[in-house]
Amino acid sequence: MKLPKEFEAYTEKLMGSELYAQLLQGLAEEPHAFVRTNPFKGASFAICGSKGTVEWYEHGHWFADRPNFTFDPLLHAGVYYVQEKSSMFLAQVLRQHITGPVTMLDMCAAPGGKSTLARVVLPAGSLLVCNEPVKQRAQVLSENVQKCGIAEVIVTNNYPEEYRKAGLMFDVILCDVPCSGEGMFRKDANAIKEWSIGNVDKCSRLQREIVRSAWECLRPGGLLVYSTCTFNAKENEENVQWICKELKGEPVGVDICKEWNICGSLLSGFDAPVYRFIPRYVGDKDCVQGEGLFMAVLRKPGGKVDRKPSTTVKQQNKGRQPVKLNTIWLQNSDDFNIMQEGYSLIAIPKDMQSLYDAVADKLRVLHAGIRLGEVKGKDIVPDQSLALSLLLDREAFPIAELPYEQAIRFLRKEAVTLPIGTPKGFVLITYMGMPLGFEKHLGSRSNNLYPQEWRIKSTYMPDVAPQLYKLINDK
Ligand SMILES: C[S@@+](CC[C@H](N)C(=O)[O-])C[C@H]1O[C@@H](n2cnc3c(N)ncnc32)[C@H](O)[C@@H]1O
């Protein structure tokens, strides 16, 4: 791996020669493959071939080889998410500091790794808003959030400045900011090509802008989690120092074990608790296994977290109509308000209604709650979001369980052969019992309702499924 000269000189000075030599050894190795099981979807599965769990998150697993995840229907069903190990440290932060229901904003959320992790570890009753300003990336975020299956989520496509102007307030805000990506050097050759001192400075300025806007959306007593996937101090300690001085943020510690080999501050004279993951070798031991990551937690002075959300904006109800339906295909349907927006029917958890109204009036919402379907003539065409929801009423649709090859065809949005005896009408497609989406069965053929933008684009067909999970009761 050829590293930029200026990176080498700066990083060796920052880390010291011993730590830097350990990093160079780490960068010369292939990254490990990790997945994070969705505890709400993976309960009936046993994981196969795991080399061990992540020390700070028990649902994170390490694999010796990198399976071809794209061709595993269980990935598309939301049973697991591919996420490198260091990023899962967010679970440790949230579990330690958030003990009651909160309203959280993930300001820079695409593709959704940390959002979906936060969603499964936040205490019951919490609400999560995931935001991404880049439109195409926000669509991917929305897809991953829907696969996760939890209803109490809103996905928006806005800049942090628009959030500041909207006047919404949150108990917890994650700023996993865009950065110079030094921690991705061994995973992504482009990160090396695009690196320059100029870009480090540019990123550092943008990061402060993002945090400044986020800070205004944080309630007194609330927590800001700041993270990057880069090593340098300009985008890390120096920004944390700036948050302390300029915004009066108070650094908050996270419990860690020495054996986790997480490094603290590398900036001389700055000893606030910060957490830096450096892929590195000590002797012949790969002592971190994850990629480069930096995380710090800061409290906004003036109160304590764990209170109910406050949404201070006036509600206008832009073209949204509450509707009554005979059937809404959900378990616990009384917990939802059903709204019609244009032709779309959306189920909003009642606890999330005021937050949803406030967000929808001021910002661009791409997804919220559970999208039930679209009104087409006399039909309601069920939506992908419904198929993937944890609250789908499994009795509401006939089920067609597909074998592996047919499941891949379905995920490519190709024609599939439904099992003999499948009734006409809307049918829930499953693989190993997990919903993948809907087909409309017409008798002699059927229409594949999988979203065009989500489909697997490759035409490759593996001979066998990647064997990451097996059903617990399968002999
Ligand atoms: C490090 S990535 C986030 C990764 C994500 N949190 C995850 O774990 O999957 C940073 C994100 O910030 C977005 N971004 C770019 N410019 C931004 C800005 N001005 N404000 C907020 N986010 C921005 C990028 O498009 C990118 O998706």
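**Exercise 1. The largest pocket**

Which residues lie nearest the centre of the largest pocket, and how many residues line it? Work out where the lining comes from.

*Solution.* Keep in mind that you're looking at a predicted model.

- Step 1: Start in the middle. Ala110, Pro111, Arg137, Asp176 and Cys229 lie nearest the centre, and the lining has 49 residues.
- Step 2: Look at which elements give two or more residues to that lining. They are the strands β1 (33-37), β5 (80-82) and β9 (170-176), together with the helices α5 (113-121), α7 (160-166), α8 (189-193) and α9 (197-216).
- Step 3: Pick out the biggest contributor. That's α9, whose 6 residues make up the largest share.
- Step 4: Sort the lining by class, and you get 24 nonpolar, 12 polar and 13 charged residues.
- Step 5: Add the volume, which is about 1300 Å³.

**Exercise 2. An unusual peptide bond**

Go back to two residues from the centre of that pocket, Ala110 and Pro111. Find what kind of peptide bond joins them.

*Solution.*

- Step 1: Locate proline 111. It sits in the loop between β6 (103-106) and α5.
- Step 2: Check omega for the bond between alanine 110 and proline 111. The angle is about 5 degrees, and the bond is cis.
- Step 3: Set that against the usual case: most peptide bonds are trans.

**Exercise 3. The second largest pocket**

Describe the second largest pocket in the way you described the first, then see which domains its lining draws on.

*Solution.*

- Step 1: The volume here is about 710 Å³.
- Step 2: Count the lining. There are 29 residues, with Gln146, Leu366, His367, Arg371 and Asp383 nearest the centre.
- Step 3: Find the suppliers. At least two residues each come from α6 (135-148), β18 (344-349), α11, β19 (365-368), β20 (370-376) and β21 (379-382). With 5 residues, α6 gives the most.
- Step 4: By class, the lining splits into 13 nonpolar, 7 polar and 9 charged residues.
- Step 5: Turn to the domains. Domain 1 (5-300) and domain 2 (399-458) each give this lining at least three residues.

**Exercise 4. A helix among its neighbours**

Helix α11 turned up in the last lining. Why can we say that α11 is largely enclosed by the rest of the structure?

*Solution.*

- Step 1: List the buried residues, using under 20% relative accessible area as the cut-off. In α11 they are Gln353, Leu355, Tyr356, Asp357, Ala358, Val359, Ala360 and Asp361.
- Step 2: Compare with the helix length. α11 runs over residues 353-362, and 8 of its 10 residues are buried, so the rest of the structure largely encloses it.

**Exercise 5. Two positive phi angles**

Where do lysine 248 and asparagine 332 sit, and what is the phi of lysine 248 and of asparagine 332?

*Solution.*

- Step 1: Recall the usual pattern: most residues other than glycine have a negative phi.
- Step 2: Take lysine 248, in the loop between α10 (237-247) and β11 (250-252). Its phi is near 70 degrees, and lysine 248 is exposed at 53% relative accessible area.
- Step 3: Now asparagine 332, in the loop between β16 (320-322) and β17 (336-341). Here phi is about 50 degrees, and asparagine 332 is partly exposed at 47%.

**Exercise 6. A histidine in a strand**

Is histidine 441 buried or exposed? Find a polar contact of its side chain too.

*Solution.*

- Step 1: Histidine 441 belongs to strand β24 (residues 434-441).
- Step 2: Its relative accessible area is 12%, so histidine 441 is buried.
- Step 3: A polar atom of the histidine 441 side chain lies 3.4 Å from the backbone oxygen of threonine 422.

Notes: Residues are numbered from 1 along each chain as its sequence is written. This is a predicted model: local features need pLDDT of at least 70, side-chain atom pairs count only at pLDDT 80 or more; totals for chains, interfaces and linings use all residues. Side-chain values use heavy atoms; hydrogens and water are left out. Buried means under 20% relative accessible area, exposed over 50%, partly exposed in between (1.4 Å probe, protein chains only). Helices (H or I, at least four residues) and strands (E, at least two) are DSSP runs, numbered from the N terminus. On a 1 Å grid over the protein atoms alone, a cavity is a set of points where a 1.4 Å probe fits but cannot get out, and a pocket is an open set with protein on both sides within 12 Å along at least five of seven lines; lining residues have an atom within 4 Å of a point. Grid points are joined across faces, edges and corners, and a volume is the space filled by probe spheres set on the points. Ala, Val, Leu, Ile, Met, Phe, Trp, Tyr, Cys and Pro count as nonpolar, Asp, Glu, Lys and Arg as charged, and the others, Gly among them, as polar. Domain bounds come from an automatic or database domain assignment. A polar contact is a pair of N or O atoms within 3.5 Å; within protein, one must be able to donate a hydrogen and the other to accept it, and residues adjacent in sequence count only if both atoms are side-chain atoms.
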